[in-house]
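Here is a set of short exercises to work through with the model open beside you. Try each task before reading its solution.

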Amino acid sequence: MTQNHVSGMEASAISVLKRAVELDQSGRFQESLVCYQEGIQLLMDVLKAAVKEDSKRVRYRDKIKGYMDRAEQIKAHVNQMKEDGKYHEQIRIAEDAVGYSYEALFKPYISSLLTEVWVEDPYIRHIHQLYNFLRFCEMLLKASCKVKTIHLLTTQEEADSGQQSSALAELKESLGAQGVALDLQYSSTIHDREIRFDNGWIIKIGRGLDYFKRPKGRFSIGYCDYDLRQCQETTVDIFHTKHTKTL
């Protein structure tokens, strides 16, 4: 392993752990736990690959132990709140903020136990909203879980329901080829926006999946990569419950 590669891993570890501390201090514990775990693994990789001096190895081990201890404390705290049914975390997305792709937002709440997802969002109707839902489904397929069923409850487009129906039918067929069933239902009275995972996590986004701003052009930064796409101001509330919906 080259020195440049090691330096890059070390810089990545520092960046991730700095983010973990920031999230920890702002009370975003589940997100901070994921960052602590990633940062610790990066530091351990650096220690194994390149640190030869005994004094430096001791310093690295002390740092790793400190971060591991804090991660364990957070894990115990989160588990206790989940057990008591009191877990609530809030994320405020500022106007024009970036870095809130679906991968970034949902990753801390996806686990290998996740197999079923419920999406309630009245605004999966227009073409950009349908693309948002497609991106959300793609995110689930790439994640470290084995989702088997995605339930979508939305409203039906009154002006041009053909576009909505054909898009969702195509997506249903495409998901089916990946071994994932799309259960589609419509409601004319739905208003709230909510996403439920069968591992107990509930994510409520004020604007639903439609919190991204329209890019300035097709060749503008953020058009393809949603981590670089500017957001509209919204609030995300995360809860945990032992009881999830059943079919």
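**Exercise 1. Decide whether Glu72 is buried or exposed, and say where Glu72 is placed.**

Start with the accessibility: Glu72 has 52% relative accessibility, so it counts as exposed. The cut-offs are under 20% relative accessible area for buried, over 50% for exposed and partly exposed in between, with a 1.4 Å probe and protein chains only. Next, find the element: Glu72 is in helix H3, residues 54-84. Helices here are DSSP runs of H or I with at least four residues, strands are E runs of at least two, and both are numbered from the N terminus. Finally, take a distance: 9.8 Å separates the C-alpha atoms of Glu72 and Tyr36, which are 36 residues apart along the chain.

A word on the ground rules before you go on. Residues are numbered from 1 along each chain as its sequence is written, and side-chain values use heavy atoms, with hydrogens and water left out. The model is predicted: local features need pLDDT of at least 70 and side-chain atom pairs count only at pLDDT 80 or more, while totals for chains, interfaces and linings use all residues.

**Exercise 2. Classify Asp24 and list its contacts beyond four places in sequence.**

First, locate Asp24 in helix H1, residues 3-25. Then read its accessibility: at 11%, Asp24 counts as buried. Now collect the contacts, meaning heavy atoms within 4.5 Å. With neighbours within four places in sequence left aside, Asp24 touches Phe29, Ser32, Tyr36, Arg70 and Ile74. Tyr36 also appeared in the first exercise, as the partner in the C-alpha distance from Glu72.

**Exercise 3. What is the sign of phi at Asp96, and where does Asp96 sit?**

Begin with the angle: phi of Asp96 is near 75 degrees, a positive value in a residue other than glycine. As background, most residues other than glycine have a negative phi. Then place the residue: Asp96 is in the loop between strand S1 (88-93) and helix H4 (102-106). Its relative accessibility of 37% makes Asp96 partly exposed.

**Exercise 4. Work out the strand order of the sheet and name its edge strands.**

Step one is the order: seven strands form an open sheet, S1-S7-S6-S5-S2-S3-S4, with mixed pairing. Two strands pair if DSSP finds at least two bridges between them. Step two is the edges: S1 and S4 (181-186) each pair on one side only. Step three is the twist: neighbouring strands of the sheet are turned by 15 degrees against each other on average, with direction ignored. For that angle, axes are lines fitted to C-alpha atoms, for helices over the stretch in contact, and angles run from 0 to 180 degrees between N-to-C directions.

**Exercise 5. Which way does each edge strand run against its partner?**

Take S4 to begin with: six bridges join it to S3 (residues 149-154), and the two run parallel. Thr149 has Ala181 of S4 as its bridge partner. Turn to S1: it pairs with S7 (residues 234-240) in the antiparallel sense over six bridges, and Arg92 stands opposite Thr235 in S7. Now split S1 by face: Glu89, Ile91 and Ile93 make up the covered one, and His88, Gln90 and Arg92 the uncovered one.

**Exercise 6. Describe the side chains and pairings of S5.**

Look at the side chains of S5 (residues 194-197): Glu194 and Arg196 point one way, Ile195 and Phe197 the other way, and all are buried. On to the pairings: S2 (residues 116-120) runs antiparallel to S5 over four bridges, with Val117 opposite Phe197. S6 (residues 201-205) is also antiparallel to S5, through two bridges, with Arg196 opposite Ile202. To finish, check the turn: the S5 and S6 hairpin has three residues between the strands, and Gly200 takes a positive phi near 110 degrees.

**Exercise 7. How many helices and strands does the chain have, and what percentage of its residues count as buried?**

Count the elements: there are six helices and seven strands. From the N terminus on, they run α-α-α-β-α-β-α-β-α-β-β-β-β. Then take the burial total: 42% of the 247 residues count as buried.
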